[in-house]
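The following note is offered to a colleague who is beginning to read protein structures. It considers empty space and helix packing in turn.

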Amino acid sequence: MTQPLALVVYEKILPGTQLVNRLQDLHYRVQVVTDTDTLTACAQQEMPMLVLADLTSARQNVCAAIRQLRQTQGTNHIPVIAFGPENSADLDAALDAGAVLATSEAAILSHLPELLEQALRVE
């Protein structure tokens with residue numbers, strides 16, 4: 001059986017690399033996207049099962065990339081889990097942009113299986 005693909009957008013080494021390792025432990029193939037300008041094109045080409053995006057970025061607008069992904073035909077079905085500092089306004093902005101879940105950095109690592117299940121639930 002082919003392993004599902006997850007695209008992970010991050011700039012900060014931690015928790016980005018920890019998240020990649022946890023996803024691999026859960027039998028996901030992982031592709032890292034370092035430039036949010038290429039997220040939608042990458043998703044169109046690679047057809048991931050989901051996207052996980054770190055909202056903390058010094059040089060990119062991650063919420064704009066989420067919005068573009070969710071508004072583009074062919075990628076609008078891909079669930080996005082956004083994560084960032086606890087109690088950050090960026091978490092609400094990510095939900096407004098189209099993320100299905102927005103959570104803290106600590107929660108993404110400690111509750112990853114449950115978050116994946118919730119994000120991938122077909123309604």
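**Note on cavities, pockets and helix contacts**

1. The largest cavity contains about 40 Å³ of space. The model under review is a predicted one. Within it there is one cavity of 30 Å³ or more. Such spaces can be found because rolling a probe the size of a water molecule over the atoms shows where empty space is left.

2. The lining of the largest cavity deserves a careful look in the viewer. Its residues are Val9, Tyr10, Glu11, Val33, Thr34, Thr36, Asp54, Thr56, Ser57, Gln60 and Val62. Sorted by class, this lining consists of five polar, four nonpolar and two charged residues.

3. The largest pocket should be considered separately. Its volume is about 180 Å³. Ten residues line this pocket, and those closest to its centre are Val100, Gln118, Ala119, Leu120 and Arg121. Which helix gives the most to the lining of the largest pocket? Helix H6, spanning residues 112–120, does so by supplying three residues. The lining of the largest pocket comprises six nonpolar residues, together with two polar and two charged ones.

4. Helix H6 also takes part in a contact with helix H1, which covers residues 13–25. The axes of H1 and H6 come within 11 Å and cross at roughly 75 degrees. An angle from 65 to 115 degrees counts as roughly perpendicular, and H1 and H6 are therefore roughly perpendicular to each other. On the H1 side the contact involves Leu19, Arg22 and Leu23, which meet Leu112, Pro113 and Leu116 of H6. By class, the contact of H1 with H6 has five nonpolar residues, one charged residue and no polar residue.

5. A second helix pair is H3 (residues 62–71) and H4 (residues 89–97), whose axes come within 8 Å and cross at roughly 15 degrees. Are these two helices roughly parallel or roughly perpendicular to each other? Angles under 35 degrees count as roughly parallel, and H3 and H4 are therefore roughly parallel to each other. The crossing of H3 past H4 is right-handed.

6. The residues that join this second pair can now be named. H3 contributes Cys63, Ile66, Arg67 and Arg70, while H4 contributes Asp90, Ala93, Ala94, Asp96 and Ala97. The contact of H3 with H4 includes five nonpolar and four charged residues, with no polar residue.

How values were computed
Residues are numbered from 1 along each chain as its sequence is written. This is a predicted model: local features need pLDDT of at least 70, side-chain atom pairs count only at pLDDT 80 or more; totals for chains, interfaces and linings use all residues. Side-chain values use heavy atoms; hydrogens and water are left out. On a 1 Å grid over the protein atoms alone, a cavity is a set of points where a 1.4 Å probe fits but cannot get out, and a pocket is an open set with protein on both sides within 12 Å along at least five of seven lines; lining residues have an atom within 4 Å of a point. Grid points are joined across faces, edges and corners, and a volume is the space filled by probe spheres set on the points. Ala, Val, Leu, Ile, Met, Phe, Trp, Tyr, Cys and Pro count as nonpolar, Asp, Glu, Lys and Arg as charged, and the others, Gly among them, as polar. Axes are lines fitted to C-alpha atoms, for helices over the stretch in contact, and angles run from 0 to 180 degrees between N-to-C directions. Helices (H or I, at least four residues) and strands (E, at least two) are DSSP runs, numbered from the N terminus. Angles under 35 degrees count as roughly parallel, over 145 as roughly antiparallel, 65 to 115 as roughly perpendicular and the rest as oblique. A crossing is left-handed if the near helix is turned anticlockwise from the far one by less than a right angle, and right-handed if clockwise. Contact means heavy atoms within 4.5 Å.
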